[in-house]
Each structure stands twice: as structure tokens, then as C-alpha cells.
Amino acid sequence: MKYFFHKLSVVFLLFIVVGCKKNETQTPVKSITAKESIEFASGLSIIKNEGYSIVNVVNPWPNAKGKFTYILEEKDSQIPDSLKKYPSIKVPLESVVVTSTTNIPFLEMLEVENKLVGFPHTDYISSEKTRALIDKGSVKNVGQNEKLNIEQLIELSPDLIVTFGVDNNNPMLDNLKKSGLKVLIQGDWMEQSPLGKAEWIKLYGALFGKEEKAKELFDKIVESYNQAKKLVTDKPATSKVLYGSMYEDVWYVAKGNSWVAQFMKDAKSNYLWADLQGTGSEGLSFEKVLDKAKTANVWIASGSFKSLDELQKANPHYSEFDAFKNKTVYNFEGKMGATGGTVYYELAPSRPDLVLKDYIKIFHPDLLAGYEFTFASKLN
């Protein structure tokens, strides 16, 4: 999981809202006609009113002490005075900059990818559709890592920058705000429910005036996910599963309440660290992992390994696991886009139904006849 987070930190431009305590402590007033549209996501609330919506982003990073509130203002709408203290964003957006590859599928699913005008380090985008826009020059590279080209963003003048943060220590956001640029912090990466992550498509539906389309798409994902779960309702959890691989000198295993562990639970497997409380990951020594998982019959290896030889070259001791000897090692991160972006990092959060089906096919190969993996690959 640390490896996954490390990759996120490279792919994303990390902004943090500074000086917004007022936003974090006030509670917006709901009108009589208000309607909440979020079902699964714990960190997002969208309250639809006539002419405007109230968006609350809760728990945007670990140990966050407050939330961020935004008002999505439609044309000629009347915003109550009690809400005018919150940042207002005019919708539908005509242009946007996003900083996470996980946002790209949402834009494409809603057919508004042509509204994307900028992204930091565009090489990390793997989608062929959006790559075509990049190659055409419609999507500009606005920086890489934590280096943002503010001058270019000012020139692009997007209606909104949707970004991501890990704490409250990044002065770059102040510079953006001083330049008159609108910024929205989202926290989809903090969701541990697979369907909760995917439901953030509704935020983009609200931003682009496509709420009904977003709901329709999400409802189909929920239906597909639940249908996959039903396939294993009466199946025993016979697969004893090892997860992860060494990162430097530490092996990070997914904790039992994490996003990854939820998939393995829903796919009916015996994940060896399912009883490890908490989200995120736990760092262990190789010896501890080997002691517990030597006889595991399935290994889900983290990292972009493409073969057992490549895996063994990374660490010769990997061959001590039975799953390695029996060639039952799988990887979700090996499929890359044309310029090196990882397909799993980009698409998996928005399509948990496809991730679950991959896991079911691994743990219960007799099911899903004819199904081909979307993300997973078996290492040979």
C-alpha cells in the first residue's frame, strides 16, 4: 500500500487548502427542497437545491479536522445569504484541470473529456481517448510532481482546478487563489468502500450539469458489482491469499478494513491479514510474512512485475513461497499505457465491478466462463 501511495504522490499534484478554517467549521443550511444524492461515499455529500448544489468534502486526508464546502451555482440562480461565505463555482464547467489520473475515467464516462485543458505530468495518463487529446495539444502539461506551472494555469484560466491533498502544508494553493483561480479539494482516494470510491463520479456529474447521467452510470456499476458478489455467495473461501511485495526493506500488507481487503472479502477468499484492524497498510519484515504466508496458494503481488523471473530478480527469497513455486502469482499493476501510465491506478477506482470480477476469476476460476482479466495478469 505504501508503494501504491508513493505512486500516487508522483502522479498527483498535491494541493492543500490554507486559511479556510471558517469553511471547515460552519454547517450549511439545507433548504426545504434539498436532496442528498450520495449513498456509499463517506467523504462526499451533494445536496441538490433549486438552482444550486451544496458540496461537502469530508475527511479529505488522514486526520483531517474539518471539511470543505463549495456552492455549485447554476446560471441566474439565487444563493441564500447564509451560503455566500463558501466558495462558489459556476456550473456547468466549460474547462477544467484535474491532477489525479483517477479523475480521467469520470470525465470520459460523462463524455466531457474535451473540457479537460490541463494535467500535471501528462505521461501518467494511460487512456487512449485522453492521450489523443494530449497529442493534439488540447490538454497541456501543467507541471510534474509538486512543481506546478502557475503562469501556464493563469494563461489557461480553467473554470476549476480539481486537486488532492495529504495535509495542510502547501503554500502553492495560496498563490493560485491570489491569481483568481478556483480550486476544489476532493478526497476520493480516502474512501475504503469500492463503491464509495466510484460514487465520486457524481461530483463530476454535478460540476458538468450531468447529474442524471452520473447516477445512471453509477447505478449500473453498483448492479454489476452486486451481481458479481452473488456469484460467490455460496462459495467457500478456499484461496489462502498473500498480498504485496517488498518495498525497500519492508513488506506492506493491506489492513483488513482497506479498499484492497474489501475486494478480497467480497470475492470470497481467505486473506491472511483480514483480521488486521485499520485501513491503509502495515509494514512487516520479510521473515514475518514468510512465516505466515509460506503456504498461501495465491499471491497478489504489488508492483509492475510482468514475469516470475522478474519477480525473483527483485528478491531471490520470493521463491520460498509456495505460490511462487506453484506459479499462482498475479499482478494488477503490470498493464501500462503508451507513455508509462498504470491502467490499474487510473481506471480501477471508477470501475470496482471489473476489479472484483478479476479477483473472483483468480479465486474461483470455474466462474465467469470466458471472462478475460481487465487489470490482473498471471505471472509466468
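**Close-up 1. The open five-stranded sheet with mixed pairing in this predicted model.** The strands follow the order β16-β13-β18-β19-β20, where strands are DSSP runs of E with at least two residues, helices are runs of H or I with at least four residues, and both are numbered from the N terminus. Two strands count as paired if DSSP finds at least two bridges between them. The edges are occupied by β16 (270–271) and β20 (377–378), each of which has a single partner strand, so one side of each is left without a neighbour in the sheet. Strand β13 (residues 240–243) pairs with β16 in the parallel sense over two bridges, and Lys240 stands opposite Asn270 in β16. Residues are numbered from 1 along each chain as its sequence is written, and side-chain values use heavy atoms, with hydrogens and water left out. Because the model is predicted, local features need pLDDT of at least 70 and side-chain atom pairs count only at pLDDT 80 or more, whereas totals for chains, interfaces and linings use all residues.

**Close-up 2. Helix α15 on the mixed sheet and beside helix α9.** Helix α15 lies across β13, β18 (298–301) and β19 (329–331), and runs at about 150° to β18; axes are lines fitted to C-alpha atoms, for helices over the stretch in contact, and angles run from 0 to 180 degrees between N-to-C directions. Helix α9 (residues 211–231) packs against α15 at an angle of about 15°, with the axes 8 Å apart. The two helices are therefore roughly parallel to each other, a class that covers angles under 35 degrees, while those over 145 count as roughly antiparallel, 65 to 115 as roughly perpendicular and the rest as oblique. The crossing of α9 with α15 is left-handed, meaning that the near helix is turned anticlockwise from the far one by less than a right angle, with clockwise giving a right-handed crossing. On the α9 side the contact (heavy atoms within 4.5 Å) is made by Ile221, Ser224, Tyr225, Ala228 and Lys229, and on the α15 side by Pro352, Asp353, Leu356, Lys357 and Ile360. These residues divide into six nonpolar, one polar and three charged, with Ala, Val, Leu, Ile, Met, Phe, Trp, Tyr, Cys and Pro counted as nonpolar, Asp, Glu, Lys and Arg as charged, and the others, Gly among them, as polar.

**Close-up 3. The crossing of helices α10 and α15.** The axes of α10 (residues 259–266) and α15 (residues 352–363) come within 9 Å and cross at roughly 55°, and the helices are therefore oblique to each other. Their crossing is right-handed. Val260, Phe263, Met264 and Asp266 of α10 meet Pro352, Val355, Leu356, Tyr359 and Phe363 of α15, a set that comprises eight nonpolar residues, no polar ones and one charged.

**Close-up 4. The open five-stranded sheet with parallel pairing.** Here the strand order is β8-β7-β6-β11-β12, and the edge strands β8 (140–141) and β12 (183–185) each pair on one side only. Strand β7 (residues 116–119) and β8 are joined in the parallel sense over two bridges, with Phe119 opposite Asn141 in β8.

**Close-up 5. Two loops with backbone features at Pro92 and Asn63.** Most residues other than glycine have a negative phi, and most peptide bonds are trans. A cis peptide bond, with omega about 0°, joins Val91 and Pro92, and Pro92 lies in the loop between β5 (88–90) and β6 (96–98). Asn63, in the loop between β3 (52–58) and β4 (67–73), has a positive phi near 60°.
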